[in-house]
Every structure is written in structure tokens, then in C-alpha cells.
Amino acid sequence: MSEADRSRSASDPEAERRVIRKLGGWALVFLAVAVWSALAPSYCGPGRGLVGRPSPEFEGPIVSGAGAGAHDRLSRSALLGRVVILDFWASWCGPCRASMPILARLAQRHEAAGLVALGVNLEHNLSAEQVAAAHRALGAGFPTLHDQGGAMHSAFGIQSLPTLVLIDRRGQVREVEVGVPDEARLDAQLVQLLAEAP
């Protein structure tokens, strides 16, 4: 700061206050960035904190696909020993519509090896019949659960749709992926998981 600026700011208290406000504003920006950086690992994506940990417990009614007619329910404990894909979806979600045929092909391809693909519909305002109709219209041959009360949504920390959760034969979450999956990449992941011992 030049001598002229110093003498001008000394004689102009309003200019001094403007400088202080500007510096205070920048300090707040830097503080916000520092706090965000410290917390970023826990917010690097929905469900990312689940990877490498046991899957949250879940149970829900099958509303479409095999088991729907008998009003079957599925739970995590009943699926131990199988590789599981949970596909969190909603009928209004465009990317969900794009991912369903991919998952249907992979489910059919790997079912005999021990893969279970399950849709998990998150629309609390739809009836089971409406979810079933939407699921059939999307061409999904695998079953879907209806998480009408939101328990699975909360347990898995779902923030975006579609979200895929891959669970290995021991019940550990191995991958959480948001968006339409790359079929070749997901197929390779499933082959690897299915080759692992329970």
C-alpha cells in the first residue's frame, strides 16, 4: 500500500470498513472451502461409505417378477451366498429406464451362476400394482421390491437415481454406482464376484 493510500484510508474510515468487509468475505470463502474439503470424503457419492462393509439389513415385498404373485418378501439374510445387484429406481427417472434392459440382460446371463438382481422402487406415492405395471413396462424380467416406507432408501443413503449396489456372496457391499451402468464393465465385475467363494 502506498503512502498516499495509507493517508487516504486513515482519513476515510468508510474506505477502511470496505477493505475489512472485503477481507472478511474472502476469509469466509476460504473457511467454507476448508470445511468442505475436510468433509468431502464422506460426501463423495451416495452410499460410498458402504463399500467394503456389510450391507445394511433390508426386507421388502416383491411386487413384480418372480415371487410377486405369492406376495413373497426378500431379505438380505435370505440372499447370503448369492451375488446381489440392488437397482434403486423410480418410474419417472429417464436413466432408470435406460439401465433396466442392461440389468435384465445381465440378470438372465448370470442367474445360473448365482446372481440375484432386484429392483427397489422408491416411490411412496404409488401402489404395489402401479409399481408392478411400471416395472413390466420398462422390460425388467427380474423382481422388484417396493420401498414404500423409505427404509431401504435411508439405510443405503440413496441420493440419486438410478443407483446400483453390488453385494458379494458374504453380504459385503462391493460397489455403489450412480447412473446408467456400462454393460461390459458391470458384466466383468459380476464375473469376478461370482467366481469368489462364499
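**Notebook: sheet, packing and empty space**

I looked up the sheet and found it open, with 7 strands in the order β2-β1-β5-β4-β3-β6-β7 and mixed pairing; strands pair here if DSSP finds at least two bridges between them, and helices (H or I, at least four residues) and strands (E, at least two) are DSSP runs numbered from the N terminus. Because β2 (73–75) and β7 (173–178) stand at the edges with a single partner strand each, one side of each is left without a neighbour in the sheet. Neighbouring strands are turned by 30 degrees against each other on average, direction ignored, with axes fitted as lines to C-alpha atoms, for helices over the stretch in contact, and angles running from 0 to 180 degrees between N-to-C directions.

I note that this is a predicted model, in which local features need pLDDT of at least 70 and side-chain atom pairs count only at pLDDT 80 or more, while totals for chains, interfaces and linings use all residues. Residues are numbered from 1 along each chain as its sequence is written, and side-chain values use heavy atoms, with hydrogens and water left out.

I then followed β4 (residues 115–121), which runs parallel to β5 (residues 144–146) and is joined to β5 by 3 bridges; Gly-119 has Thr-144 as its bridge partner in β5. Helix α4 (residues 128–137) packs on the sheet, touching β1 (59–64), β3 (83–89), β4 and β5, and its direction makes about 60 degrees with that of β1; contact means heavy atoms within 4.5 Å. Helix α6 (residues 183–195) also packs on the sheet, touching β3, β4, β6 (163–167) and β7, and its direction makes about 170 degrees with that of β7.

Next I looked at the largest pocket, with about 330 Å³ of space; a pocket is an open set of points on a 1 Å grid over the protein atoms alone, with protein on both sides within 12 Å along at least five of seven lines, a 1.4 Å probe defines a cavity as points where it fits but cannot get out, and lining residues have an atom within 4 Å of a point. Of the 16 lining residues, Ala-66, Glu-111, Ala-117, Phe-142 and Pro-143 are the closest to the pocket centre, and β4 gives the most to the lining, with 4 residues.

I also checked the largest cavity, which holds about 40 Å³ of space and has Phe-58, Arg-76 and Val-84 among its lining residues.

Methods: Grid points are joined across faces, edges and corners, and a volume is the space filled by probe spheres set on the points.
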